[in-house]
Amino acid sequence: MQRRHFLATPAAAAFAAALAPLGLHAQSAPPAGGKLVPIKFTLDFRVNGQTAPFFLALQKGYYRAEGLDVSIDVGAGSVASITRIASGVYPMGLGDISSLVEFNAQNPGTPPVQAVYQYYNRAPFVIIGRRDRGVATDFASLKGKKVAAAAVESTRRAWPMVARKQRLPSDLFAWSTTDFSARDNVMVRGDVDAATYFHDSAISLFARMKQEDLAVLKYADAGVNLYGNAILASNALIVQQPQAVAGFLRATNRAIQEMLVDPAAGIAAIRSREPILDEKIELQRWGITAQYVAAADTRGHGLGDIRKLTLEQQVDEVVEVFGLKNRPSADALFNRSFLPAQADRAVKA
C-alpha cells in the first residue's frame, strides 16, 4: 500500500505557521509576591464552542490560580499544532493523537512532544454526505462520489483506517481538496457529494442545510476506535517545569467539568474573545463536543485518561496502514503522570 503522510508534505507550511503566532490573549497581572509562568497554548483551529473550556479557565482565573500566565492562539489544524510545539514556539497545544504517532515514528528517541490529557476521548471524525446524491448511512454509499476535505486534515488522513476496517478500497471516492472555510459552501452548492468534518464543526453546515437531508457517517461507527485531539506538551516544558503542566491540566479539567454541567459560562467566555459568535450555535456545537469529550470510556477511567490497550491498537493501526518504519510506544506518546486526581476527573454530568 502506498504510504499516506500525516505530516511529511505539510510540515514546512505548518512550521512556518508556527513562527507567526496569532491573537495572543494574556491574563491579568500576577498576584503580589509571585511570578506567573508564561504558557503559550495553540488551539487546533479557530475559537468556538469546541474549545470553550480553555477560555472559561482563562476568564475565571483558574490558570492564574495555578501560577500560570496563559495565552491562547488560534491554530492552523490539529496536525500543525504538533509542529508548532516541536519547533519550540509553543510549549503546549491541542493536537491529533494519530498524527502524533506518525510524528514520533519519524523522530525516534526522546519524544519532543507528548500527550498529557486526552481531550477528545474519541475522535469526532465524520464524513457528511448529501442524501440527494445517494449518500446513505453506510460508507459503501460513497462509492464514486466527490468528497471535500482540506489538504492538512486528520479526518481525511484517517480515511484508510475506515476503508481497511470496512473492507472497502481506499480510493472508493475522489477527494476534492477544499479549504476549511469553503467546505460548507461547496456542500450547499452541490459542488461535492460529501465532506469530511469534525462532527462538532458541522454545526455551521447544519445551520444551512436540513439535517434530514444529510447522512452523518461516523468513523467510530465503522469500528475505528481512535483517540482524537489531546492536550500536548513539549519535552522541554515537561522536564523543566512539570508543575506548570500539572497546573494547566488541573485548571482545564476544572473548567471541563463545569461545562459538562452548565455550558453557558463557557460559551460566554468565548464570546468575550469573539463577540461575533452566535450563542445558540456554539451551545449546540458544545453539545456535540461533550459527547466525544465525555465518551463512554470516561465513566471508567475519568476525563483526560486513556486505555493503554486502545492506544496501542491505534498505534498498530497507524503504523500498519501508513507503513511507518518505527513503532512508538504508547508510554512515549501519552504521559499520564500529570493528570489531576481521578476523583477530580470523574464524570459528574
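This passage describes a sheet, a helix, aromatic and charge-over-ring pairs, and two further residues of a predicted model.

The model is predicted, so that local features are reported only at pLDDT of at least 70 and side-chain atom pairs only at pLDDT 80 or more, whereas totals for chains, interfaces and linings use all residues. Residues are numbered from 1 along each chain as its sequence is written, and side-chain values use heavy atoms, with hydrogens and water left out.

Helices (H or I, at least four residues) and strands (E, at least two) are DSSP runs numbered from the N terminus. Two strands are taken to pair if DSSP finds at least two bridges between them. On this basis, 5 strands form an open sheet in the order β7-β6-β8-β5-β9, and the pairing is mixed. Strands β7 (174-177) and β9 (214-218) occupy the edges; each has a single partner strand, so one side of each lacks a neighbour in the sheet. From one strand to the next the twist averages 30°, with axes fitted as lines to C-alpha atoms (for helices over the stretch in contact) and angles running from 0 to 180 degrees between N-to-C directions. Strands of a sheet pair through backbone hydrogen bonds, either parallel or antiparallel. The pairing of β6 (residues 146-149) with β8 (residues 194-198) is parallel and extends over 2 bridges. In this region V147 stands opposite A194 of β8.

Helix α15 (residues 308-321) comprises 14 residues and reaches 20 Å from its first C-alpha to its last, close to the 20 Å expected at 1.5 Å a residue; the expected span is 1.5 Å times one less than the number of residues. Buried residues are those under 20% relative accessible area, exposed ones are over 50%, and partly exposed ones lie in between (1.4 Å probe, protein chains only). The buried residues of α15 are T310, L311, Q314, V315, E317, V318, V319 and V321. They pack against α5 (97-106), α7 (159-166) and α16 (330-333), contact being defined as heavy atoms within 4.5 Å. Just after α15, G323 adopts a positive phi of about 60°.

Rings of Phe, Tyr and Trp (its six-membered ring) pair if their centres lie within 6.5 Å; planes under 30 degrees apart are stacked, those over 60 are edge-to-face and the rest are tilted. This rule yields 14 aromatic pairs. One of them, F139 with Y219, is edge-to-face, at 6.1 Å centre to centre and 65° between the planes. The pair links distant parts of the chain, 80 residues apart: F139 lies in the loop between β5 (125-130) and β6, and Y219 in the loop between β9 and β10 (229-234). Both F139 and Y219 are buried. F173 and W175 are likewise edge-to-face, at 4.8 Å and 85°. F173 is buried at 6% relative accessible area, whereas W175 is partly exposed at 23%.

A charge sits over a ring if NZ of Lys or CZ of Arg is within 6 Å of the ring centre and within 35 degrees of the ring normal. R122 lies over the face of Y227, at 5.2 Å from the ring centre, and R183 over that of Y197, at 4.2 Å.

D138, in the loop between β5 and β6, is partly exposed at 37% relative accessibility. Its C-alpha lies 12 Å from that of A220, 82 residues away in sequence. R271 belongs to helix α12 (residues 264-273) and is partly exposed at 32%. Beyond residues up to four places away in sequence, R271 touches L277 and E279.
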